[in-house]
Amino acid sequence: MNAFAIATFLFIVVAIWIFAYRKSRTIDNSSSEGYFLGGRSLTGIVIAGTVIGTNLSTEQIVGQNGQSYVAGMEVMAWEVTSAIAIVALALIFLPKYLKHGVDTVTDFIEVRFDKTTKKIASALFIFTYVVSFLPVVLYSGSLVFNQIFSVDEMLGVDPLIAIAFIAGGIGVVGLAYLMLGGLRLAAFSDTIYGIGLLIAGLSVPIFGLMMLGNGNMLSGFETIRQNTPEMLNAIGAVDSSYVPWPTLFLGMFFNNLFFWCTNQMIVQKVLAGRDLREGQKGALYVGFFKIFGALFLVFPGIIALNMFGDGISNSDNAYPMLVSAVLPEWMFGVFAAVIFGAILSSFIGALNAASTLLTLDFYKPIGKEKTDKQIARVGKIFTIGVGLTAIIIAPLISFAPAGLYHVVQQFNGLYSMPLLVIVLLGFYSKYATPFAAKFTFIFHVIVYGASQLFLDVHYLYVFSVMFFVDLFILWGVSRLQKNTTPFVFETGKQKVDLTPWKHRYWVSAVVVITVLGTYLIFSPWGIAQ
């Protein structure tokens with residue numbers, strides 16, 4: 001990386017930090033609500049920005065493009081179909097969370113069930129964040145940096161050592177972000193980086209198509225249609241290793257509901273909105289973004305296949321190789337800053353979620369009552385501990401045999417389906433019991449773990465079955481308990497204005513129609529063969 005690229009990178013990163021820090025100073029970061037929830041002050045645009053930033057990192061950019069290099073546009077299901085779950089978040093889940101005045105998803109579980117069930121859910125969240133999500137974010141980001149900027153060659157070390165060095169640097173910067181500004185600083189930073197990621201991310205397929213078409217984008221796209229038309233088909237085979245088409249209506253749908261509607265890392269950002277209206281706006285903005293995000297999260301993998309052939313042994317290298325090949329040199333600093341921001345956003349989002357759960361679910365209830373400042377201070381200590389653990393684990397992800405994105409989704413399966421079932425029946429059943437909820441969690445962890453060890457079945461098919469099994473177990477065990485008293489929620493617990501966004505229904509309809517239209521385009525009835 002030349003001096004101009006380094007200077008550009010540093011200028012962008014520092015400028016964004018200064019802007020976000022100034023915006024964050026209006027909220028008291030020494031209070032627990034200020035540190036963990038940004039003082040419940042976020043507007044729709046900022047909510048969308050921080051949710052996108054938290055969700056969209058290099059584990060997706062690298063991992064999904066790596067999958068599409070092998071499987072084509074069927075991988076877009078992770079992006080496009082999630083928009084329907086986001087509609088459910090805006091219209092169903094968010095109003096209920098805010099109505100009950102909860103700060104976390106696990107707070108709702110405690111309100112509806114009991115503290116033990118809450119701690120089981122919280123522990124599973126924390127485990128997957130620390131062991132899977134955070135290390136994958138750091139590793140994948142470091143992989144991109146090393147591939148593009150040859151840090152290992154500059155330092156004269158093994159690539160894995162360079163990746164560990166980069167991961168450590170990114171992790172330390174992320175910790176500094178949270179220490180200085182909490183969620184609000186991260187939210188404003190995420191918004192700027194999100195805009196940059198959209199622009200820089202789209203530039204990769206644009207430059208790639210131009211290179212394939214000798215300067216003409218349309219010619220480049222026609223080259224793909226002629227050489228690999230099957231890769232443009234988003235309808236995966238029944239036995240696909242990536243996204244079998246029947247799972248779009250079952251396992252994939254249920255997994256999306258879990259991730260977007262019950263995952264603390266995402267929901268925490270929407271709960272930080274100043275009212276229901278802003279939360280719904282932010283969620284639905286994200287829905288549109290996820291649909292169009294497939295253009296730079298999936299499509300570049302197909303460009304890489306046409307440019308380099310099928311000789312890349314590790315598919316996770318497809319995207320970094322494409323970036324190195326197509327980006328003009330003057331953009332390297334800008335792209336490095338954007339990738340840095342993407343890693344930082346996801347790392348900070350999951351780190352803040354993990355420290356929030358550790359602090360509010362495990363530290364706060366112990367012993368005598370704590371002051372608000374004590375809780376925030378211990379939260380910062382937990383943040384440092386979790387961050388350092390993720391930094392240590394990150395280099396080990398290079399030994400994962402199934403690809404980056406696969407690792408994250410399989411780990412989520414440990415608790416995703418029972419958590420979704422418990423929240424849904426918590427909303428709609430007066431008779432779901434705490435004992436049945438705990439039994440469902442334990443049953444699922446054992447059965448799902450066994451399925452991954454002993455069955456050669458795609459985990460999305462496992463999700464498809466386990467959702468209904470978990471639902472039946474929670475319902476059945478609850479009904480077997482005699483003399484169960486119907487549960488009634490307390491009223492008047494809301495902490496923000498619950499007036500909904502007046503445009504929520506027609507905007508939601510447009511999101512769903514756009515999802516269906518996108519699948520029609522990338523199908524044998526559209527541009528695929």
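Tutor: Contact, as the word is used here, means heavy atoms within 4.5 Å, and the model in which we look for such contacts is a predicted one.

Student: What makes T440 a neighbour of residues elsewhere in the chain, and which residues are in contact with T440 once those within four places in sequence are left aside?

Tutor: T440, which lies in helix 22 (residues 434-454), is in contact with P418, D470, I473 and L474 when its neighbours within four places in sequence are set aside.

Student: Why is T440 called buried?

Tutor: The word buried is kept for residues under 20% relative accessible area, and T440 has a value of 0%, so T440 is buried.

Student: How do you know whether L414 is buried or exposed?

Tutor: L414 has 19% relative accessibility, and because the cut-off for buried is under 20%, L414 counts as buried. This residue sits in the loop between helix 20 (404-412) and helix 21 (416-428), and, not counting residues up to four places away in sequence, L414 touches F127, H444, V445 and Y448.

Student: And D103, is that residue buried or exposed, and what does its side chain contact?

Tutor: D103 belongs to the loop between helix 6 (82-99) and helix 7 (105-112), and with 18% relative accessibility, set against the limit of under 20%, D103 counts as buried. Its side chain makes a polar contact with the side chain of K495 at 3.1 Å, a value to be read against the limit of within 3.5 Å for a pair of N or O atoms.

Student: Why is N214 placed in another class, buried or exposed?

Tutor: Exposed requires over 50% relative accessible area, and N214 has 77%, so N214 is exposed. N214 is found in the loop between helix 10 (159-212) and helix 11 (217-227), and its phi is near 55°, a positive value in a residue other than glycine. Most residues other than glycine have a negative phi.

Student: Why are helix 8 and helix 19 described as roughly perpendicular?

Tutor: Helix 8 (residues 115-149) and helix 19 (residues 372-393) pack at an angle of about 70°, with their axes 8 Å apart. Angles of 65 to 115 degrees count as roughly perpendicular, and therefore helix 8 and helix 19 are roughly perpendicular to each other.

Student: Which residues meet where helix 8 packs against helix 19?

Tutor: V130, V131, L134, P135 and L138 in helix 8 meet V386, T389, A390, I391 and I393 in helix 19, and the residues of this contact divide into nine nonpolar, one polar and no charged.

Definitions and conventions. Residues are numbered from 1 along each chain as its sequence is written. This is a predicted model: local features need pLDDT of at least 70, side-chain atom pairs count only at pLDDT 80 or more; totals for chains, interfaces and linings use all residues. Side-chain values use heavy atoms; hydrogens and water are left out. Helices (H or I, at least four residues) and strands (E, at least two) are DSSP runs, numbered from the N terminus. Buried means under 20% relative accessible area, exposed over 50%, partly exposed in between (1.4 Å probe, protein chains only). A polar contact is a pair of N or O atoms within 3.5 Å; within protein, one must be able to donate a hydrogen and the other to accept it, and residues adjacent in sequence count only if both atoms are side-chain atoms. Axes are lines fitted to C-alpha atoms, for helices over the stretch in contact, and angles run from 0 to 180 degrees between N-to-C directions. Angles under 35 degrees count as roughly parallel, over 145 as roughly antiparallel, 65 to 115 as roughly perpendicular and the rest as oblique. Ala, Val, Leu, Ile, Met, Phe, Trp, Tyr, Cys and Pro count as nonpolar, Asp, Glu, Lys and Arg as charged, and the others, Gly among them, as polar.
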